[in-house]
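The following paragraphs are meant to be read with the sequence and the coordinates side by side. Please keep both in view while the text moves from one part of the chain to the next.

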Amino acid sequence: MYVIYCYSNSHSVNGIWFSIVVIQIMYTNMCNTIPILKLRLRLDHVTFMFLFCQHIVSLNSCDDSFNHKLPGSMYNKESNEMLALIQDSYRNYVECPFSNCSCYADTITKDLSVFKNGISEIMMNSAKTKGTTYKIIDGRLYRNADCMFPARCAGVEHYLRKLHTKLPNLQLVLNTRDWPQVTRFQGEVLPVFSFSKTKDYLDIMYPAWAFWEGGPAIKLYPRGLGRWDKHRQSLDRAAQRWPWQDKLPVAFFRGSRTNNERDSLVLLSRDEPELVDAAYTKNQAWKSEKDTLYSSPADEVALEDHCKYKYLFNFRG
């Protein structure tokens, strides 16, 4: 296309002021920007110039002499940084040896490195406001009477009960919320165990409670989604029943409206059901159809039944 730059200034010749219009015409395409014409005109010549510009702008096709091939693309596998990282992860992946869990050693060492000077009683007392306190005394396991999410605490305790007789006397603070608690920008280092975090947090990572129980509590899983020892087997069987070529070519989502970022997908599904099958289900906070985007709540779908779809949406929140 052609881009026209116009600007003006005033000049005096023999005491007579008049305006000069400077018009520069640039030819531009995806690869090149080339100056075509630059004129300095007195104001009374501008009418002619605009007629000329109309003709130039109408020539909006690209000349064959220009190379329109882009040097790179953000969608090109070789130049896409995210795809490169994924490919590196696949190439460098080494399965964790279950005999000693040594693949977690780097994470454990990194998370504990901020406590190289030890953990004081003051730090422990401050941490107690951010989670549930557990103690092991003489081989017996104790916990605060209150737990924000009892099913999540139960999921953790399933494993602690297998270990507590083998551990020395200790106390720890375990966060059962969905988000970490100790940001590195507050300057306070506290010993809080959390199941998720980013590089901006100093929480100590631990395996999620949902490996046993305490995941989302829905009709299909009234004690909360868990028992991944069984789900791994049932999902594998479902995957065998639905090879890729037999899966439905539809994007699929079921979940509650805990985050309005999901609304656009649900609305798209209502307009284009052959493209997307997305709907809101009830959760514990459901009060009216407003909570399911002004539609009746959809039925819940078992994890195994997700395997029949080619594309699954996973939303945060």
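What follows is a walk through sheets, a disulfide, a helix and several ring contacts.

The model is a predicted one, and local features are described here where pLDDT is at least 70. A convenient place to begin is an open sheet of five strands, whose order is 5-4-6-7-8 and whose pairing is mixed. At its edges lie strand 5, residues 140-143, and strand 8, residues 204-205, each of which pairs on one side only. As general background, the strands of a sheet pair through backbone hydrogen bonds, and they do so either parallel or antiparallel.

Both senses of pairing can be followed in this sheet. Strand 4, which covers residues 132-137, is antiparallel to strand 5, and four bridges connect the two. Within this pairing, Ile137 has Arg140 of strand 5 as its bridge partner. The connection between strand 4 and strand 5 is a hairpin with two residues between the strands, and Asp138, which belongs to the turn, has a positive phi of about 50°.

Further along the sheet, strand 6 (residues 170-174) and strand 7 (residues 192-194) run parallel and are joined by two bridges. Leu174 is matched in strand 7 by Phe193, its bridge partner. The loop between strand 6 and strand 7 contains Val182, and this residue counts as buried because its relative accessibility is 2%, where the limit for a buried residue is under 20%. Computed along the sequence, Val182 and Phe193 are eleven residues apart, while their C-alpha atoms are 9.7 Å apart in space.

The next stop is the disulfide. A search of the whole structure finds one such bond, and it joins Cys147 to Cys153 with an S to S distance of 1.9 Å. The torsion about the S-S bond of Cys147 and Cys153 is about 90°, and the disulfide is therefore right-handed. Both Cys147 and Cys153 are buried. Cys307, another cysteine, is also buried, with a relative accessible area of 14%. In a separate contact, Arg152 lies over the face of Phe149, at 4.2 Å from the ring centre.

From here the path leads to helix 6, residues 228-241. Helix 6 has 14 residues, and the distance from its first C-alpha to its last is 19 Å, close to the 20 Å expected at 1.5 Å a residue. Which residues of helix 6 are buried? They are His231, Ser234 and Ala238, and because they cover an arc of only 75° around the axis, they lie on the same side of helix 6. The other side of helix 6 carries Arg232, Gln233 and Gln240, which are exposed.

Another set of paired strands has strand 9 as its point of reference. Strand 9, residues 248-255, pairs with strand 11, residues 309-312, in the parallel sense over three bridges, and in this pairing Ala251 stands opposite Tyr311 of strand 11. Strand 9 also runs parallel to strand 10, residues 276-280, and five bridges join these two strands. In strand 10, Asp277 is the bridge partner of Phe252.

Several residues of these strands return in the aromatic contacts. A pair of aromatic rings is described by the distance of the centres and the angle of the planes. The structure holds four aromatic pairs. One of them is formed by Trp244 and Tyr311, an edge-to-face pair with 6.1 Å centre to centre and 85° between the planes. This pair links distant parts of the chain, since Trp244 is in the loop between helix 6 and strand 9 whereas Tyr311 is in strand 11, 67 residues apart. Trp244 counts as partly exposed at 47% relative accessibility, and Tyr311 is likewise partly exposed, with a relative accessible area of 43%.

The rings of Phe252 and Tyr309 have their centres 4.1 Å apart and their planes at 10°, so this pair is stacked. Here too distant parts of the chain are linked, with Phe252 in strand 9 and Tyr309 in strand 11, 57 residues apart. Phe252 is buried, with a relative accessible area of 2%, and Tyr309 is buried as well, with a relative accessible area of 14%. Finally, ring pairs link Phe253, Phe313 and Phe315 into a cluster.

Methods: Residues numbered from 1 in each chain as written. Predicted model: local features only at pLDDT ≥ 70, side-chain atom pairs only at ≥ 80, totals over all residues. Heavy atoms only, no water. Pairing = 2+ DSSP bridges. Disulfide = S-S within 2.5 Å. Buried < 20%, exposed > 50% of the residue type's maximum accessible area, 1.4 Å probe, protein only. Phe/Tyr/Trp six-rings, centres within 6.5 Å; stacked < 30°, edge-to-face > 60°. Lys NZ or Arg CZ within 6 Å of the ring centre and 35° of its normal. Expected span 1.5 Å × (residues − 1). Arc of directions from axis to C-beta.
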